[in-house]
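Let's take a walk through this structure together. Have a look at the sequence and the fold, and then we'll go piece by piece.

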Amino acid sequence: KSLAYLQAKQDLADGNFESALTTIATAIDSTRLTLPNPGDELHESLAPLNYLYGTTLLYSIEENTDESQMMVPQKNQCEDGADA
C-alpha cells in the first residue's frame, strides 16, 4: 500500500474525513498519471483508492447526519400524546 493510502486510512480512523478525501483524491490523480493511459479511471490499480474514497464519503455522510439529527429540536408532547 502507498503512504498516501495509509495516511488516508489513519485520517479516516481519526475522523478527519476532509483530510482523508483530499489525500485519496491526490493519490488517485498521481496514480493515474503513471498509467499507460492516464485517462483510464477504471484501471485496477485505482480500485483500493476508489473503494477507500467511497467508504470515507459514506462515513462522512453518516457522521454529518448523526450530528444534524442530534441538533434537531423535538416537539414537546403532552401526556395524552397531543403536541404542546
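To judge a helix by its length, it helps to know that its expected span is 1.5 Å times one less than its number of residues. Helices (H or I, at least four residues) and strands (E, at least two) are DSSP runs, numbered from the N terminus. This is a predicted model, where local features need pLDDT of at least 70, side-chain atom pairs count only at pLDDT 80 or more, and totals for chains, interfaces and linings use all residues. Residues are numbered from 1 along each chain as its sequence is written, and side-chain values use heavy atoms, with hydrogens and water left out.

Now for the layout. The protein chain has three helices and zero strands, so to speak an α-α-α pattern when read along the sequence. Of its 84 residues, 23% are buried, where buried means under 20% relative accessible area, exposed over 50%, and partly exposed in between (1.4 Å probe, protein chains only).

Start with H1. At 1.5 Å a residue, its twelve residues should span 16 Å, and the end C-alpha atoms are indeed 16 Å apart, which agrees. Which residues of H1 are buried? They are Tyr5, Ala8, Asp11 and Leu12. Seen down the axis of H1, these fall within an arc of 125°, so they line one face of the helix; the arc is that of the directions from the helix axis to the C-beta atoms. Turned away from that buried side, H1 carries the exposed residues Leu3 and Ala13. Just after H1 comes Gly15, with a positive phi of about 85°.

Next, the inside. In soluble globular proteins, nonpolar side chains tend to be buried together. A nonpolar core here is a set of buried Ala, Val, Leu, Ile, Met, Phe, Trp, Tyr and Cys residues joined through side-chain atoms within 4.5 Å. The largest one has eleven residues, including Tyr5, Phe17, Ile24 and Leu52. Helix H1 (3-14), helix H2 (17-34) and helix H3 (47-71) each give two or more residues to this core, and H2 gives the most, with four.

Phe17 is a good place to see who meets whom. Contact means heavy atoms within 4.5 Å. Leaving aside neighbours within four places in sequence, Phe17 is in contact with Leu12, Thr56, Tyr59, Ser60 and Glu63.

One of those partners, Thr56, lies in helix H3. Is Thr56 buried or exposed? Thr56 is buried, because its relative accessible area is 0%. Again leaving aside neighbours within four places in sequence, Thr56 is in contact with Leu12, Phe17, Ala20, Leu21 and Ile24. Compare Ala13 in helix H1, which is exposed, with a relative accessible area of 64%. Ala13 and Thr56 are 43 residues apart in sequence and 9.6 Å apart in space, C-alpha to C-alpha.
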